[in-house]
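Me: I've got a protein model open and I'd like to talk through it in plain words. Can we take it one piece at a time?

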Amino acid sequence: MLELYKGELAALLAAFLWAAASTVYSHLGQKIPPLELNLLKGVVAIAFLIVTLAIQGEWLPELNWVAISFLLTSGIFGIGIGDTAFFWAINLLGARRTLLLKTLTSPLVALLALIFLQETLTPTDWCGILLTLLGIAWVISERVSATTDTTNHFLQGIGWAIVATLADATGAILSRAALTQSNITPMWSTLLRLSAGVLVLLLWLLVKSRGETNNLSPTFTPLDKAGWGESPKLLGIIAITSFFSTYLGIFLQQISLKFTAAGIAQTLGATSPLFVLPLAIWMGEKVSLRAFLGVLVALAGVWLLFKV
């Protein structure tokens with residue numbers, strides 16, 4: 001049973017880890033600008049991956065350059081550009097509105113997979129994707145419906161959320177193509193994607209001055225004034241969060257993309273908001289009946305995606 005649904009279960013576990021990490025990143029984002037935060041978590045995750053591969057003695061299998069180029073390009077879009085845009089959107093829009101816009105990623109991935117990878121989904125699969133996304137959107141929109149913002153920051157946030165959505169969809173399709181058309185393992189594909197993403201971030205930081213970065217995100221405190229007197233504690237939090245969200249999270253995402261259709265993997269990976277609700281209740285936040293109903297709708301969609 002577990003082997004049959006390996007890809008789907010990996011996507012759900014990744015969603016859970018990302019949900020737990022999102023609460024931490026929302027606080028870290030107030031101290032560390034998106035580029036630096038994305039770079040730090042990527043470097044930490046790469047270190048964990050290298051150690052893991054060394055312990056396992058798993059060497060890079062022989063690959064064609066097409067697969068390697070797909071994975072490197074996937075990392076550039078999905079991690080270098082997509083994750084940074086996502087962090088910017090969170091700081092400008094808030095996590096819930098950003099996640100609401102990000103629900104568009106799943107149907108976009110399914111459509112791109114149909115066009116470029118000839119991955120056809122059954123009507124039941126499409127119904128499952130639709131129900132899951134409707135449930136997620138219902139949960140998130142209910143918690144932000146009373147908030148309106150027409151400021152420039154809001155428009156910038158919408159723009160960054162759209163960039164994140166397009167970049168993530170592109171990264172997912174390229175990863176799926178490489179994983180299904182080569183013998184690379186999810187661990188190595190994760191390392192290649194992260195390495196390409198980190199390289200892009202380093203180049204991005206070199207091109208943009210600190211002043212330009214802060215102007216794009218005026219609410220950020222400059223990195224060298226962000227309380228780095230507490231850096232051991234701060235770096236410890238980043239290391240732990242990166243281990244679960246980036247090292248394990250992206251590894252599980254790659255497993256899901258290897259063993260199930262791209263649209264299904266992306267949809268199940270987008271269920272993070274559903275896992276946030278128990279965390280919100282545990283932290284003393286009130287959750288409405290509407291939010292619970294949204295969860296039930298989403299779970300019905302997930303059930304359809306797990307059909308035999």
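Reply: Sure, and let's start with a term: helices and strands are DSSP runs, with at least four residues for a helix and at least two for a strand, numbered from the N terminus. Keep in mind that this is a predicted model.

Me: Which elements does the protein chain run through from the N terminus on?
Reply: The chain has 13 helices and 0 strands. So by the DSSP runs we just defined, there is no strand to place in the order. From the N terminus on, the elements read α-α-α-α-α-α-α-α-α-α-α-α-α.

Me: What share of the 308 residues in the protein chain counts as buried?
Reply: The cut-off to use here is under 20% relative accessible area. Of the 308 residues, the share that passes as buried is 52%.

Me: Which helix gives the most to the largest nonpolar core?
Reply: That core has 53 residues, and Ile-173, Ile-184 and Leu-194 touch the most other members. Several helices give two or more residues to it, including H1 (6-28), H2 (34-56), H3 (65-93) and H7 (152-180). With 12 residues, the one giving the most is H3.

Me: What does Leu-194 contact, leaving aside neighbours within four places in sequence?
Reply: Leu-194 is one of the residues touching the most other members of the largest core. Leaving those sequence neighbours aside, its contacts are Gly-42, Ala-45, Ile-46, Leu-49, Ile-79, Thr-246 and Ile-250.

Me: How many residues are in the second, separate core?
Reply: Tyr-5, Leu-12, Ile-129 and Val-302 are among its members. Val-302 is also one of the buried residues of helix H13. The count for this second core is 13 residues.

Me: Is Ser-175 buried or exposed?
Reply: Ser-175 is found in helix H7. Not counting residues up to four places away in sequence, it touches Leu-71, Ser-74, Arg-193, Gln-254 and Leu-257. Its relative accessible area is 0%, so Ser-175 is buried.

Me: Which side chain makes a polar contact with the side chain of Ser-175?
Reply: Ser-74 and Leu-71 are both among the residues that Ser-175 touches. The polar contact, at 2.8 Å, is with the side chain of Ser-74.

Me: Which residue forms a salt bridge with Asp-83?
Reply: The structure holds 3 salt bridges. In this one the closest N and O atoms are 3.1 Å apart, and the partner of Asp-83 is Lys-41. Asp-83 lies in helix H3 and its partner in helix H2, so the bridge ties together parts 42 residues apart in sequence. Both residues are buried, Asp-83 and the one asked for, Lys-41.

Me: How far apart in sequence are the parts that Asp-168 and Lys-102 tie together?
Reply: The side chains of Asp-168 and Lys-102 meet in a salt bridge at 2.0 Å, N to O. Asp-168 lies in helix H7 and Lys-102 in helix H4, so the pair ties together parts whose separation in sequence is 66 residues.

Me: Where does Glu-119 sit, the partner of Arg-176?
Reply: The side chains of Glu-119 and Arg-176 meet in a salt bridge at 2.4 Å, N to O. Both residues are buried. They are 57 residues apart, with Arg-176 in helix H7 and Glu-119 in the loop between H5 and H6.

Me: What length does helix H13 reach from its first C-alpha to its last?
Reply: H13 covers residues 289-305, which is 17 residues. At 1.5 Å a residue the expected span is 24 Å, and close to that is the value H13 reaches, 25 Å.

Terms used: Residues numbered from 1 in each chain as written. Predicted model: local features only at pLDDT ≥ 70, side-chain atom pairs only at ≥ 80, totals over all residues. Heavy atoms only, no water. Core = buried A, V, L, I, M, F, W, Y, C linked by side-chain atoms within 4.5 Å. Buried < 20%, exposed > 50% of the residue type's maximum accessible area, 1.4 Å probe, protein only. Contact = heavy atoms within 4.5 Å. Polar contact = N/O pair within 3.5 Å; in protein donor to acceptor, adjacent residues only side chain to side chain. Expected span 1.5 Å × (residues − 1). Salt bridge = Lys/Arg side-chain N within 4 Å of Asp/Glu carboxyl O.
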